[in-house]
Amino acid sequence: MKKSKAIIAAGIIGLSALGALVANNMQQPSLPTFTTAYAQPQQVTLPDVVLGNNQVHTSALFKDKWSLVFFGYASCPDVCPTELYNLNNIASIMTAAGKTMPQVVFISVDPQRDSNEMLTTYAQFYNDEFIGITGETSEIDKLVASFGVIYQKTFLANNGQYVSVPYSSPIPEDQRESYLINHSSRLYLVNPAGKYVAAFAPPHSARKIAADLLKL
């Protein structure tokens with residue numbers, strides 16, 4: 001009798017697990033086969049954080065549209081300008097093909113120096129449709145955790161060596177305006193349901209990324 005109950009219980013657990021798996025797959029629409037992008041094994045539901053001077057909720061920002069998200073900062077000497085220039089080239093390819101470019105959202109991880117007004121001007125220098133935005137570090141950190149983004153302040157120490165520390169850590173007074181930030185340089189694809197579904201790892205080719213985006 002005990003053995004029969006154990007078998008029945010195991011069967012119920014198995015059916016529950018199968019039901020959960022089916023429900024999960026139903027909630028995650030299949031993606032096209034990408035050439036360059038790496039699809040997430042499981043789509044990540046992003047937290048609803050507040051950006052843009054406490055006026056923009058990410059749940060609304062990402063709703064009902066495909067988005068490409070890039071994390072960086074306006075003082076970045078090389079990676080960020082290159083990526084935004086590259087994203088504008090992708091937009092040109094998409095437009096020429098008669099397709100809609102995903103929304104481009106450039107999120108600054110350096111709110112100590114980057115204002116939302118300045119980021120709007122910065123992003124739109126590359127393309128009038130690009131969004132540049134930031135927020136409180138506590139809000140940004142919730143978002144970067146979901147994407148797996150890493151970022152740190154880097155400054156020149158008195159011994160002549162560069163030192164990297166967490167963004168909120170104190171640094172020497174004379175470095176507070178000249179520090180650099182080491183940050184992840186992937187492009188993150190967010191679907192219209194607000195889920196992180198794929199990433200483009202560097203180096204980025206505008207032509208190859210556009211070819212994948214044209215499949216959406």
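## Lining of the largest pocket

By class, the lining of the largest pocket in this predicted model consists of seven nonpolar, two polar and two charged residues, where Ala, Val, Leu, Ile, Met, Phe, Trp, Tyr, Cys and Pro count as nonpolar, Asp, Glu, Lys and Arg as charged, and the others, Gly among them, as polar. The residues that line this pocket are K65, W66, M94, K99, T100, M101, P102, Q103, L213, L214 and L216, and the space in the pocket comes to about 180 Å³.

Rolling a probe the size of a water molecule over the atoms shows where empty space is left. On a 1 Å grid over the protein atoms alone, a pocket is an open set of points where a 1.4 Å probe fits, with protein on both sides within 12 Å along at least five of seven lines, and lining residues have an atom within 4 Å of a point. Grid points are joined across faces, edges and corners, and the volume is the space filled by probe spheres set on the points.

## How the model is read

Residues are numbered from 1 along each chain as its sequence is written, and side-chain values use heavy atoms, with hydrogens and water left out. Because the model is predicted, local features need pLDDT of at least 70 and side-chain atom pairs count only at pLDDT 80 or more, whereas totals for chains, interfaces and linings use all residues.

## A nonpolar patch on the surface

L156, Y162 and L180 make a nonpolar surface patch of about 290 Å². Such patches are made of residues with over 30% relative accessible area and no salt bridge, with nonpolar side chains (Val, Leu, Ile, Met, Phe, Trp, Tyr) joined within 5 Å and like charges joined within 9 Å; accessible areas come from the Shrake-Rupley method with a 1.4 Å probe, and for residues only the protein chains shown count as cover.

Within the patch, L156 belongs to strand β7, which covers residues 151–156; helices (H or I, at least four residues) and strands (E, at least two) are DSSP runs numbered from the N terminus. L156 is partly exposed because its relative accessible area is 34%, given that buried means under 20%, exposed over 50%, and partly exposed in between (1.4 Å probe, protein chains only). Another member of the patch, L180, has its C-alpha atom 8.6 Å from that of P77, although the two residues are 103 apart along the chain. P77 itself sits in the loop between β4 and α3 (79–96) and is exposed, with a relative accessible area of 56%.

## Salt bridges

Side chains of opposite charge can pair when their charged atoms come close. The structure holds four salt bridges, each defined as a side-chain nitrogen of Lys or Arg within 4 Å of a carboxyl oxygen of Asp or Glu. One of them joins E139 and K142, whose closest N and O atoms are 2.8 Å apart; both residues lie in helix α5 (residues 137–147), three residues apart, about one turn of the helix. E139 counts as buried because its relative accessibility is 13%, while K142, at 46%, counts as partly exposed. E139 also lies 9.5 Å from P47, C-alpha to C-alpha, with their positions 92 residues apart in sequence.

In another pair, R176 and E173 have their closest N and O atoms 2.9 Å apart; R176 is partly exposed at 41% relative accessible area, and E173 is exposed at 59%. D212 and K215 form a further salt bridge, with 3.4 Å between the closest N and O atoms, and here D212 is buried, with a relative accessible area of 0%, whereas K215 is partly exposed, at 35%.

## Backbone details in the loops

Most residues other than glycine have a negative phi, and most peptide bonds are trans. N54, although not a glycine, has a positive phi of about 60 degrees; N54 lies in the loop between β2 (50–51) and β3 (56–57) and counts as exposed because its relative accessibility is 56%. D64, likewise not a glycine, has a positive phi of about 65 degrees and lies in the loop between α2 (58–61) and β4 (67–72), where D64 counts as exposed at 61% relative accessibility.

The peptide bond from P202 to P203 is cis, with omega near 0 degrees, and P203 is placed in the loop between β11 (195–200) and α6 (206–213).
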